[in-house]
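User: Hi! I'm new to this one and would love a friendly tour. Could you put it up so we can look together?

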Amino acid sequence: SERTLVLVKPDGVRRGLVGEVISRIERKGLTLVAMELRTLTRETAESHYEEHASKPFFGELVEFITGGPLVAMVVEGPRAIEAFRSLAGSTDPVSAAPGTIRGDFGLQIGENIVHGSDSTYSADREIKLFFPELG
Ligand code: GTP
Ligand code: MG
């Protein structure tokens, strides 16, 4: 079994999609291990998205992700990282397949509702950042 960090980003919280996202995670058979509603500091946001620090959209990304409360959760199950990325759909919601979270609810790449860790390395790093008590 594997763990991944999932975020319902501020746009998802604002639009009332927290229950929808949790429901899809649960119906898939994945398990919630930890969950918290919080507003990120700039420091945490910059650390979370450190791989994108040199991208032209980094400033916008940090503004967006710190712009309101988000829901952070740790999700567990067999191949949970890939399983959740598959539920989320492609980064650009317009090309994300219908039936995925982004494909069903998104239109803009900068407001794509959810985040899921993209590798075991990222999952370990991100879970430690958001839930240090889980180790
Ligand atoms: P995350 O799960 O959020 O990490 O998305 P991802 O892994 O599907 O995409 P990636 O890590 O490559 O990019 C991180 C986030 O940056 C994306 O989810 C987008 O919200 C945002 N992003 C990526 N490309 C662009 C862009 O060209 N413009 C803007 N404004 N945001 C972008
Ligand atoms: Mg990513």
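User: Which residues does V8 touch, not counting residues up to four places away in sequence?

Analyst: Happy to start there. This is a predicted model, and in it V8 touches V13, L17, V18, V21, L70, V71, I113 and V114, leaving out residues up to four places away in sequence.

User: Which residues have the most contacts inside the largest nonpolar core?

Analyst: V8 is one of them, along with L5, L7, V75, F84 and V114. That core has 29 residues. Two or more residues come from each of β1, α2 (18–28), α4, β3 (70–77), α5 (80–88), α6 and α7 (120–130).

User: Which element gives the largest share of this core?

Analyst: That is β3, with six residues. As general background, nonpolar side chains in soluble globular proteins tend to be buried together.

User: Changing topic: what surrounds ligand 1?

Analyst: The surrounding residues are H52, F57, E60, L61, T91, I109, G110, N112, H115, G116 and D118. By type, three are nonpolar, six are polar and two are charged.

User: And which elements supply at least two residues of that shell?

Analyst: Those are α4 (58–65) and β4 (114–116).

User: What does UniProt list for "active site"?

Analyst: The unreviewed UniProt entry lists H115. You'll find H115 in strand β4, and H115 is also among the residues around ligand 1.

User: Is H115 buried or exposed?

Analyst: H115 counts as buried because it has 22 C-beta neighbours inside 10 Å, and the cut-off for buried is 20 or more. Setting aside residues up to four places away in sequence, H115 touches V6, L7 and K9.

User: What about "binding site", which residues are listed there?

Analyst: The same kind of record, an unreviewed UniProt entry, gives K9, F57, R85, T91, R102 and N112 for "binding site". Among those, F57, T91 and N112 also appear around ligand 1.

User: Where is K9 found, then?

Analyst: K9 is in the loop between β1 (2–8) and α1 (10–14). K9 is buried, since 21 other C-beta atoms lie within 10 Å. Beyond its neighbours within four places in sequence, K9 is in contact with I65, L70, I113, V114 and H115.

User: And where's the place of N112?

Analyst: N112 sits in the loop between α6 (101–105) and β4.

User: Why does N112 count as buried?

Analyst: Because it has 23 C-beta neighbours inside 10 Å. N112 touches T91, P93, R102 and G106, again not counting residues up to four places away in sequence. Of these contacts, T91 and R102 are also on the "binding site" list in the UniProt entry.

User: Last topic, backbone angles. What is phi of I113 near?

Analyst: Phi of I113 is near 75 degrees, a positive value in a residue other than glycine. For context, most residues other than glycine have a negative phi. I113 is found in the loop between α6 and β4. I113 is buried as well, because 25 other C-beta atoms are within 10 Å.

User: And what is phi of R79 near?

Analyst: Phi of R79 is near 50 degrees, which is also positive in a residue other than glycine. R79 lies in the loop between β3 and α5.

User: How many C-beta neighbours does R79 have inside 10 Å?

Analyst: R79 has 13, so it counts as partly exposed.

How values were computed: Residues are numbered from 1 along each chain as its sequence is written. Chains are lettered from A and ligands numbered from 1 in the order in which they are written. This is a predicted model: local features need pLDDT of at least 70, side-chain atom pairs count only at pLDDT 80 or more; totals for chains, interfaces and linings use all residues. A residue is near a molecule or strand if its C-beta atom, placed from the backbone, lies within 6 Å of it. Helices (H or I, at least four residues) and strands (E, at least two) are DSSP runs, numbered from the N terminus. Ala, Val, Leu, Ile, Met, Phe, Trp, Tyr, Cys and Pro count as nonpolar, Asp, Glu, Lys and Arg as charged, and the others, Gly among them, as polar. UniProt positions are given in the numbering used here, feature names are shortened, and annotations may be inferred rather than shown by experiment. A residue is buried if 20 or more other C-beta atoms lie within 10 Å of its own, exposed if 12 or fewer, and partly exposed in between; C-beta atoms are placed from the backbone. Two residues are in contact if their C-beta atoms, placed from the backbone, lie within 7 Å. A nonpolar core is a set of buried Ala, Val, Leu, Ile, Met, Phe, Trp, Tyr and Cys residues joined through C-beta atoms within 7 Å.
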